[in-house]
Amino acid sequence: MSLLPLFLAFQTVMRFEWKNFRLTRCVQSLRWVGVAAVPFCFQFAAAADTLELTHGTSVAGNIRQFENDPRPYALVQLHDGLRIAIRKSDVRKTRDAELIAQYRQLAARAPDTVEGQYEMARWCTKNSLSDHSEFHMRRVIAIDPEHGPARESLDYVKRRDEWIPRKQWARERGLVRSAGRYQLPEDLAMQAESKEVDIKVKAWKRDIARWRMAYLRGGDKAGEALVALRAIDSPLAVPALGDELTNPRNQNQPHALRLLWIQLLGQFAMPAAVEPLVRVGVQENDPVIREAAYERLQNYGYQSAVRTYVPMLKSSNNAEVNQAGRALSFLPDPEIRFALVDALVTSHTTTKRPQHDTNVTLGQNGGAGGLSMGAKATSRTDHLRNPHVLSALREIAPEVDFQYDKDRWRQYFAQQLGSYQGDMRRDQ
């Protein structure tokens with residue numbers, strides 16, 4: 001039987017609607033023209049490129065279009081006039097003909113020893129020929145069953161005196177494989193729970209933003225949006241509420257809405273709710289908003305706020321020193337009295353950079369007399385009084401007022417420590 005009619009029939013079918021061609025149609029076409037045509041079609045592809053498909057098969061030929069082509073298929077030339085189109089999503093990887101030819105040359109010369117086969121496997125790994133690398137690694141352990149690197153590359157682990165597949169080792173320990181590694185089922189459950197929590201947190205963020213926008217627009221839905229916001233009682237909403245309160249873009253929101261964020265955060269006794277309230281305590285310009293945050297912190301988060309504000313008393317920025325003093329005056333704590341005394345008057349040095357001007361002086365005859373550079377940098381140290389820090393001290397010791405006299409404040413508190421037998425710490 002002549003193969004020419006079969007070839008012409010196969011070629012006609014393969015060209016039919018080739019832009020929408022799928023690998024399954026290729027298989028169907030092969031069945032239409034008969035199995036005898038298959039060897040004929042593929043016998044020309046011995047030195048061609050190779051596409052390894054996700055289904056476990058491979059197609060050899062000259063690839064006309066692939067990575068740099070925007071179309072969703074790869075066009076493979078099997079023979080002159082005979083082309084097949086394969087979806088790129090069905091292609092696992094591509095191997096070019098030159099690389100395979102180079103591999104064959106090296107493999108033919110490689111000695112059948114541990115060193116020769118192991119070097120061959122490493123070359124294959126370096127060139128992304130994973131299947132070939134596995135073949136040579138298996139040859140290595142066939143020669144030397146105790147070859148550690150080869151065993152490990154084949155996913156074996158050493159158990160006492162024997163090598164066992166990692167799958168068996170993991171199964172015996174109750175581990176399961178996920179995301180390319182073996183983990184305890186409990187860890188996987190926690191990860192799944194974490195992902196679920198993350199999804200819910202993002203959902204709360206979308207819902208709160210939608211209700212906030214509806215409230216700000218006014219109209220019939222504003223009341224419903226406000227009711228929905230006031231009804232928030234899930235801890236998963238805390239990150240979104242904190243962002244609404246502290247994000248600079250929300251500074252111009254109505255007082256009622258910003259106070260609502262503080263009220264909602266204040267109902268959650270958890271660090272994630274305390275953190276935005278602490279930030280508002282020093283960053284907010286509106287005293288009403290600040291004091292509302294302080295009131296909530298007095299109920300929960302008091303110590304966290306104090307531990308955040310006290311280090312700010314040593315800031316090189318005098319504004320931050322007073323911000324911290326202002327906050328601590330609402331959260332008085334005898335434990336920090338000496339830190340407040342130290343911050344009553346703080347020193348701040350500013351450096352003024354010189355102007356890089358060059359002046360030309362004239363000589364007696366009108367010529368250039370010389371060049372003079374600008375002045376050197378100058379520094380100035382200011383000793384600044386901090387009234388908000390003084391207010392915080394007065395909250396701790398309202399019975400005295402030594403103004404900014406640090407020595408008298410220290411002597412007074414030292415005498416208290418020497419005579420007082422109880423616990424001066426603030427009750428929580």
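Helix α14 passes helix α16 in a right-handed crossing. The model in which this crossing is seen is a predicted one. Helix α14 spans residues 287-299 and helix α16 spans residues 318-330; their axes come within 10 Å and cross at roughly 50°. That angle makes α14 oblique to α16, because angles under 35 degrees count as roughly parallel and those from 65 to 115 as roughly perpendicular.

The residues that form this crossing can be named on both sides. From α14 come Arg290, Glu291, Tyr294 and Gln298, and they meet Arg326, Ala327 and Phe330 of α16. By class, the contact of α14 with α16 comprises three nonpolar, one polar and three charged residues.

Helix α14 also packs against helix α13, which covers residues 271-283. Here the axes lie 8 Å apart, at an angle of about 140°. This arrangement makes α13 oblique to α14, since only angles over 145 degrees count as roughly antiparallel. The crossing of α13 past α14 is left-handed. On the α13 side the contact is made by Val274, Leu277, Val278, Val280 and Gly281, and on the α14 side by Ile289, Arg290, Ala293, Tyr294, Arg296 and Leu297. Sorted by class, the contact of α13 with α14 holds eight nonpolar, one polar and two charged residues. Arg290 and Tyr294 of α14 take part in the contact with α13, and both also belong to the contact with α16.

A further point of interest lies in helix α17, residues 337-342, where Val341 is placed. Is Val341 buried or exposed? Val341 has a relative accessible area of 0% and is therefore buried. Leaving aside residues up to four places away in sequence, Val341 touches Leu393, Lys406, Trp409, Arg410 and Phe413. One of these partners, Trp409, is 68 residues from Val341 along the chain, yet the C-alpha atoms of the two are separated by 6.7 Å.

These local features belong to a wider fold. The secondary structure of the protein chain amounts to 19 helices and 13 strands. Of the 428 residues in the protein chain, 38% are buried. Among contacts between residues at least 6 apart in sequence, 53% join residues at least 24 apart; the contact of Val341 with Trp409, at a separation of 68 residues, is an example of such a pairing. The surface exposed by the protein chain is about 26300 Å², of which carbon and sulfur atoms supply 51%.

Notes:
Residues are numbered from 1 along each chain as its sequence is written. This is a predicted model: local features need pLDDT of at least 70, side-chain atom pairs count only at pLDDT 80 or more; totals for chains, interfaces and linings use all residues. Side-chain values use heavy atoms; hydrogens and water are left out. Axes are lines fitted to C-alpha atoms, for helices over the stretch in contact, and angles run from 0 to 180 degrees between N-to-C directions. Helices (H or I, at least four residues) and strands (E, at least two) are DSSP runs, numbered from the N terminus. A crossing is left-handed if the near helix is turned anticlockwise from the far one by less than a right angle, and right-handed if clockwise. Contact means heavy atoms within 4.5 Å. Ala, Val, Leu, Ile, Met, Phe, Trp, Tyr, Cys and Pro count as nonpolar, Asp, Glu, Lys and Arg as charged, and the others, Gly among them, as polar. Buried means under 20% relative accessible area, exposed over 50%, partly exposed in between (1.4 Å probe, protein chains only). Accessible areas come from the Shrake-Rupley method with a 1.4 Å probe; for residues, only the protein chains shown count as cover.
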